[in-house]
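Here are some short exercises to work through with the structure open beside you. Try each task before you read its solution.

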Amino acid sequence: MKQKLFKTAMLGTVAGITMMTTAIAAECIAPANPGGGWDFTCRQIGKIMYDIGAVDKPVQVTNMPGAGGGLAYGNVVNERNDDSDLIIAASSATTTRLAQNAYAGMTADQVRFVGAIGVDPGVIAVAANSPIKTLGDMVDAIKAEPGSVAFAGGSAVGGFDHLKPLMILKEGGFTDITKVKYIGVDGGADAITQTVGGFTQAMTGDMSEVVSFLANGDIRVIAVLTEERVPGFDKIPTAKEQGFNVVAGNWRGLYVPKGISDAKFDEWAGKLQKVADSDAWKKAMADNGLAPFTKVGGDFQSYVDGLVTDIAAMSKELGVTK
Amino acid sequence: MDILANLAIGFGVALSPYTLFLAVCGCFLGTIIGALPGLGPSNGVAILIPITFTLGLDATSALVLMTSVYYGAMYGGRISSILLNIPGDEPALMTTLDGYPMAKQGRAGDALVLSGVASFVGAFLATIGLMLLAPTLARVAFLFGPAEYFALYLLAFCTLGGMASNNQAKAALAACIGLGIAMIGVDSSSGLPRMTGGSLHLYDGVDFLVAIVGLFAIAELFFFIESHGKGSSIGVILDKVKIPWKEIFSTRWTMLRASGVGFIAGILPGAGASLGSFLAYMTEKSIAGEKGGFGTGVAKGVVAPEAGNNAAAGGALVPMLTLGVPGSGTTAVLLALLMTLNITPGPTLFTERPEVVWGLIASLLIANVVLLLMNVPMVKIFVRVLTVPAWILLPGVTMVSFVGIYSLTGSYFDLLMMVGFGILGYFLRKLDVPTVPVILGILLGGNMEDALRRAMTLSDGDVTYLFSSPISIGLWVAAIAGFVAPMFLRSILKKPQAVTD
């Protein structure tokens with residue numbers, strides 16, 4: 001509480017009014033620095049919630065970077081477990097790290113996952129002049145000479161971007177995954193510049209990261225990791241239709257503290273559903289390369305549980321975690 | 001001409017009374033934010049973003065406001081560097097080296113005017129550069145792979161020895177402390193935490209803002225307490241502000257060169273304004289030689305880093321707008337703002353949303369003129385903020401430091417760490433070990449290590465990969481020359497003066 005009042009004052013908003021009335025502006029924690037996906041989630045969802053009247057004050061966005069979201073997770077679990085005015089941005093990275101025990105022992109059941117309202121499909125891209133045309137070419141090249149295709153991605157080694165090509169290779173029958181070269185750089189755009197510059201041969205990342213590079217023809221996306229081709233990007237084949245049954249996307253959603261009441265949880269789920277149904281969100285998704293993917297409430301919790309189990313099993317199998 | 005026509009569109013968007021008013025507000029706020037130690041441009045812009053939503057600003061107005069704050073903060077950072085010897089933000093670090101000695105000689109006004117003019121020149125040239133060359137320059141980023149980045153950072157460190165001290169060994173020791181601190185955190189090449197002691201707070205390493213504020217502001221506080229307020233560096237008196245035309249004229253080439261160096265450094269993703277001001281200062285120092293008296297309070301030493309960091313601020317916009325890769329922390333925040341406004345920066349932005357790009361460029365030009373007016377004739381207003389008596393100012397600085405650092409992560413852990421750095425800074429200064437290399441180590445060490453690790457991953461540990469391109473070879477040669485040359489020159493030339501107290 002003290003923390004919230006402090007921040008309210010810091011932001012120069014009307015602290016006096018906050019204390020006089022009972023209505024407190026909701027806060028959205030983006031567990032990363034401004035500019036990334038979590039920040040986008042908080043700012044877009046917060047803005048739309050206010051615009052469509054789901055909340056009566058603008059949602060305040062707090063950036064709490066640290067430990068790949070672990071710091072914010074720990075803060076929510078340990079210090080703000082019953083704060084019902086708090087939402088936190090989450091994505092596949094959250095569940096990946098929880099599954100790989102990268103949050104210092106904290107587990108997925110220590111918070112409640114409200115829902116996901118969009119997915120950023122995974123992609124594999126190469127430079128426009130690359131001899132690699134299909135996923136098949138890529139897998140063959142790696143089978144012939146594992147070091148010949150180096151990947152660049154926005155996550156650290158063992159992160160979700162690293163797992164994507166490994167999942168494809170595993171599907172293609174290549175199992176010596178420690179031989180595959182991967183460098184983690186500062187975000188998808190950086191990974192693309194390294195790939196276009198010829199320092200790495202392929203980029204692994206999300207659709208949103210490649211959208212602006214597609215139009216000017218520097219890169220070619222050889223596969224999108226979704227069930228169906230993504231609307232608006234119909235020319236990009238899925239991995240599935242190329243014979244690699246890999247579906248991996250970075251969903252965008254929220255979690256809330258564990259200790260809030262069921263009524264409050266349902267209220268947040270309802271608000272999130274309203275955002276998902278809004279035209280503003282549909283436009284934001286289209287502009288940022290997100291594909292529709294709405295799972296809200298209890299349905300989503302079971303989806304998250306499934307994800308955590310799957311990734312934990314896979315990471316162990318791939319040798320990324322013990 | 002295309003550019004003129006485009007610029008006309010831009011000014012058409014940016015030149016309305018309302019946007020002009022926003023530009024003035026933004027510049028004023030930005031300068032204050034920059035001047036206050038601890039509150040740098042990136043948290044300044046981040047804090048103000050919610051205001052653009054509550055005011056219901058459209059895309060252009062929001063951009064005008066935020067870029068004015070951004071440029072304003074780059075101007076403002078120098079004020080506390082010069083008057084308090086505490087950099088207002090990280091790029092203003094180098095300005096302390098000559099700015100503060102100059103202020104101590106009673107020439108604070110000259111230093112402020114000179115640096116203001118230099119800031120204007122740097123920012124103005126960078127904006128022109130952005131306008132003319134952005135689409136072409138964006139390609140430069142494609143030439144820099146891990147090997148080239150490593151060589152670039154190596155160059156920065158090799159020229160570091162003897163920079164802030166007359167004792168090379170102490171400067172090297174300080175740099176090593178910084179590099180050591182930079183190793184704390186999750187190692188991005190293996191994903192495993194190093195030297196974190198199991199604490200989640202250390203997983204992302206030590207934030208350099210925490211280190212800067214601790215080493216400068218909090219250490220200053222300890223000195224203040226020790227001396228009971230006497231003999232502290234706080235409280236440089238500013239008399240009359242005159243415009244030193246002669247010095248402005250005599251430093252014109254320095255301004256131009258520093259702007260060029262800064263602009264290039266700004267374009268490189270991840271290098272940012274700090275490297276820009278650092279390289280600009282080192283270039284000028286080596287051109288001037290030992291006779292130049294860098295570090296003792298010379299005009300060129302004030303002009304170079306300021307032109308450099310403001311040019312880098314403009315340069316950093318190039319990769320952000322054209323590639324969507326932010327060149328600095330603040331441009332990362334601006335990138336977030338653009339995305340929230342449903343504008344996706346990238347290679348197609350210049351053709352698809354010309355009104356946004358050119359509106360932004362026009363507003364940068366406007367902000368720059370407003371800032372020159374604000375920072376030269378009206379500099380006294382800002383100085384008044386900082387020239388209140390030390391017993392009022394210092395608690396204020398301390399409060400702002402704590403608030404600023406707390407706002408970074410919202411965790412008290414950083415506050416404790418900041419105090420820890422304050423204690424470290426106190427002892428380092430007692431031992432006459434310069435603190436600037438410590439911060440540069442923290443600032444650049446992680447990037448340098450990442451670049452090396454990536455290079456080694458790609459080449460299967462083949463060391464020759466580091467010398468595999470003309471660019472990297474050129475940088476290596478410069479780095480080795482920068483490291484070796486001073487050793488031979490030292491015996492011939494007089495030792496530089498210490499700038500540490």
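Before we start, one term: two strands pair if DSSP finds at least two bridges between them. Keep in mind, too, that this is a predicted model.

**Exercise 1.** Find the bridge partners of Cys28(A) in S2(A) and of Ile29(A) in S3(A).

*Solution.*
- Step 1: Begin with strand S1 of chain A, residues 27-30. Glu27(A) and Ile29(A) point one way from this strand, Cys28(A) and Ala30(A) point the other way, and all are buried.
- Step 2: S1(A) pairs with strand S2 (residues 60-63) of chain A in the parallel sense, over 4 bridges. Here Val61(A) is the bridge partner of Cys28(A).
- Step 3: S1(A) also pairs in the parallel sense with strand S3 (residues 86-91) of chain A, over 3 bridges. In S3(A), Ile29(A) has Ile88(A) as its bridge partner.

**Exercise 2.** Place Ile88(A) in the largest nonpolar core.

*Solution.*
- Step 1: This core has 261 residues, and Ile88(A) is among those with the most contacts inside it. Helix H5 (residues 95-137) of chain B gives the most to the core, with 19 residues.
- Step 2: Leaving aside neighbours within four places in sequence, the contacts of Ile88(A) include Ile29(A), Pro31(A) and Leu254(A).

**Exercise 3.** How are H1(B) and H16(B) oriented to each other?

*Solution.*
- Step 1: Helix H1 (residues 2-14) and helix H16 (residues 354-375) of chain B pack at an angle of about 75°, with their axes 7 Å apart.
- Step 2: Angles of 65 to 115 degrees count as roughly perpendicular, so H1(B) and H16(B) are roughly perpendicular to each other.
- Step 3: Among the residues that meet are Leu7(B) and Phe11(B) in H1(B), and Trp358(B) and Ile366(B) in H16(B).

Definitions and conventions:
Residues numbered from 1 in each chain as written. Chains lettered and ligands numbered in written order. Predicted model: local features only at pLDDT ≥ 70, side-chain atom pairs only at ≥ 80, totals over all residues. Core = buried A, V, L, I, M, F, W, Y, C linked by C-beta atoms within 7 Å. Buried ≥ 20, exposed ≤ 12 C-beta atoms within 10 Å, placed from the backbone. Helix = DSSP H or I, 4+ residues; strand = E, 2+ residues; numbered from the N terminus. Contact = placed C-beta atoms within 7 Å. Axes fitted to C-alpha atoms, helices over the stretch in contact; angles between N-to-C directions. Parallel < 35°, antiparallel > 145°, perpendicular 65-115°, else oblique.
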